Amino acid sequence: MDFATTNFIGDFVRSIIPIPELAFIVNGILGIIGILTIPFLGAPILIYVERKVCGFIQARTGPMRVGPYGVLQTIADVMKLLFKEILVPKSADKFTYLLAPLLPLSAAFLVLAVIPFSSSMQVTDPVLGIPYLIA
């Protein structure tokens with residue numbers, strides 16, 4: 001295992017943490033946080049843009065006037081979805097039924113796992129990335 005990758009974040013982490021193994025783990029955690037930032041920041045922005053365009057086309061008041069520039073409409077929609085009552089049919093397997101919406105979300109994160117953002121911000125080997133994305 002090579003603990004001597006050279007990049008700005010890795011060098012900074014190694015200068016703060018003297019133990020190479022711990023610095024490697026902290027650098028990996030920072031890389032994962034950096035990779036997960038893309039979908040967590042991109043999704044609300046795309047939802048906001050989509051609601052603004054649809055609200056303009058349909059002349060709906062919610063996305064156009066709720067809060068400053070309609071920003072609070074997206075937050076209201078998220079709150080509505082979070083506090084919605086979860087109804088599980090009696091004959092359904094509860095674990096599988098609740099796990100099903102997470103499958104498309106996991107596909108988005110699996111695609112991001114093979115994209116090398118830098119020499120340390122990658123989850124897997126980028127040489128294997130192209131066959132992984134094709135499959």
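**Reading exposure, a pocket and a patch**

Author: This is a predicted model. At 41% relative accessibility, V78 counts as partly exposed.

Reader: Why does 41% make V78 partly exposed?

Author: Buried means under 20% relative accessible area and exposed means over 50%, with partly exposed in between. The 41% of V78 therefore puts V78 in the partly exposed class. V78 is part of helix α4, which covers residues 71–82.

Reader: Which class does V53 fall into?

Author: V53 has a relative accessible area of 45%, so V53 is partly exposed as well. V53 belongs to helix α2, residues 20–58. Between V53 and P63 there are 8.8 Å in space, C-alpha to C-alpha, and the two are 10 residues apart in sequence.

Reader: How much space lies in the largest pocket?

Author: The largest pocket holds about 390 Å³. It is lined by 14 residues, and those closest to its centre are A43, P44, I47, V78 and L81.

Reader: Which helices supply at least two residues each to that lining?

Author: They are α2, α4 and α6, the last being residues 102–113. Helix α4 gives the largest share of the lining, six residues.

Reader: How many residues of each class are in the lining of the largest pocket?

Author: The lining has 11 nonpolar residues, two charged and one polar.

Reader: Which residues make the nonpolar surface patch?

Author: The patch is made by V66, Y69, V71, L72, I75, V78, M79, L82 and F83, and its area is about 900 Å². V78 thus appears in the patch and among the residues closest to the centre of the largest pocket.

How values were computed:
Residues are numbered from 1 along each chain as its sequence is written. This is a predicted model: local features need pLDDT of at least 70, side-chain atom pairs count only at pLDDT 80 or more; totals for chains, interfaces and linings use all residues. Side-chain values use heavy atoms; hydrogens and water are left out. Patches are made of residues with over 30% relative accessible area and no salt bridge: like charges are joined within 9 Å, nonpolar side chains (Val, Leu, Ile, Met, Phe, Trp, Tyr) within 5 Å. Accessible areas come from the Shrake-Rupley method with a 1.4 Å probe; for residues, only the protein chains shown count as cover. A salt bridge is a side-chain nitrogen of Lys or Arg within 4 Å of a carboxyl oxygen of Asp or Glu. Helices (H or I, at least four residues) and strands (E, at least two) are DSSP runs, numbered from the N terminus. Buried means under 20% relative accessible area, exposed over 50%, partly exposed in between (1.4 Å probe, protein chains only). On a 1 Å grid over the protein atoms alone, a cavity is a set of points where a 1.4 Å probe fits but cannot get out, and a pocket is an open set with protein on both sides within 12 Å along at least five of seven lines; lining residues have an atom within 4 Å of a point. Grid points are joined across faces, edges and corners, and a volume is the space filled by probe spheres set on the points. Ala, Val, Leu, Ile, Met, Phe, Trp, Tyr, Cys and Pro count as nonpolar, Asp, Glu, Lys and Arg as charged, and the others, Gly among them, as polar.
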